[in-house]
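Student: I would like to take a close look at a single part of this protein and at what surrounds it. Could you please guide me through it in one connected account?

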Amino acid sequence: MVEDRLPNNSKGKMTIEPIEVKYYYVPKAIPLTVHHYIEGTTTKLADDETKTQNYTTTYTTSPAVVNKNYELVSTPNNATGIVNGNIIVTYYYKLKEATLTVNHYIEGTTTKLADTENYALHWGDKYTTKAASNI
């Protein structure tokens, strides 16, 4: 995948003197696009990155700085490589998990009246807690 440019002497009439025709090639510029989506969707968390890389050169991409409530799911297999055609790299992000801990104490102390309850939630999840029923 290279662009060729015809030399001035690519056509002509042969003479008694030797003629050398030289072709020079320039690698084609290939588009490289990087997406940053919420896991399982095509909802963007950051702007797409589009650049061009020369054919057969190596490339490296990296995750974007996204909303602090999201984390990278995993690095895509094609985050780095050698350009051999159009490249599309997609990074997926998910909401970070957080733990909601509910304790039941005697007022003014840290003496527990019931077992601690832990819930794994994500940023923005709604939750409702209840007083212990076995006290």
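Tutor: A residue is called buried when its relative accessible area is under 20%, exposed when that area is over 50%, and partly exposed in between. The model shown here is a predicted one.

Let us begin with T33, which belongs to strand β3. Its relative accessibility is 16%, and T33 therefore counts as buried, because that value is under 20%. Setting aside the neighbours within four places in sequence, T33 is in contact with E49, T50, I87, I88 and V89.

Two of these contacts, I87 and V89, lead into the largest nonpolar core. This core has 13 residues, and those that touch the most other members are L32, Y59, V66, I87, V89, Y91 and Y93. Strands β3 and β8 each contribute at least two residues to the core. The largest share, four residues, is supplied by β8. One of the well-connected members, V66, is in contact with L45, A46 and Y93 when neighbours within four places in sequence are left aside.

The same two strands bring us to the aromatic residues. A search of the whole structure finds one aromatic pair. The partners are Y37 and Y92; their ring centres are 6.3 Å apart and their planes stand at 50 degrees, so the pair is described as tilted. A tilted pair is one whose planes are neither under 30 degrees apart, which would be stacked, nor over 60, which would be edge-to-face. Y37 lies in strand β3 (residues 29-38) and Y92 in strand β8 (residues 87-95), so the pair ties together parts that are 55 residues apart in sequence. As for cover, Y37 counts as buried because its relative accessibility is 11%, whereas Y92, at 33%, counts as partly exposed.

Y37 also appears among the contacts of T90, a residue of strand β8. Apart from residues up to four places away in sequence, T90 touches H35, Y37 and P76. With a relative accessible area of 19%, T90 is buried.

We may now turn to charged side chains. In general, side chains of opposite charge can pair when their charged atoms come close. The structure holds one salt bridge. K44 forms this bridge with D48, and the closest N and O atoms are 3.4 Å apart. Both partners are partly exposed: K44 has a relative accessible area of 49%, and D48 has a relative accessibility of 29%.

Next comes a point about the backbone. Most residues other than glycine have a negative phi. T56, however, has a phi near 70 degrees, a positive value in a residue other than glycine. T56 is located in the loop between β4 (49-54) and β5 (58-60). Its relative accessible area is 53%, so T56 is exposed.

Finally, let us consider the surface. L6, M14, I19, V21, Y23 and Y25 make a nonpolar surface patch of about 630 Å². Among them, L6 is placed in the loop between β1 (2-5) and β2 (24-27). L6 counts as exposed because its relative accessibility is 60%.

To return to the starting point, T33 is a buried residue of strand β3, and its contacts include I87 and V89.

Key
Residues numbered from 1 in each chain as written. Predicted model: local features only at pLDDT ≥ 70, side-chain atom pairs only at ≥ 80, totals over all residues. Heavy atoms only, no water. Patch = residues over 30% accessible without salt bridge, like charges linked within 9 Å, V, L, I, M, F, W, Y side chains within 5 Å. Areas by Shrake-Rupley, 256 points an atom, 1.4 Å probe, with all protein chains shown as cover. Salt bridge = Lys/Arg side-chain N within 4 Å of Asp/Glu carboxyl O. Buried < 20%, exposed > 50% of the residue type's maximum accessible area, 1.4 Å probe, protein only. Phe/Tyr/Trp six-rings, centres within 6.5 Å; stacked < 30°, edge-to-face > 60°. Core = buried A, V, L, I, M, F, W, Y, C linked by side-chain atoms within 4.5 Å. Contact = heavy atoms within 4.5 Å.
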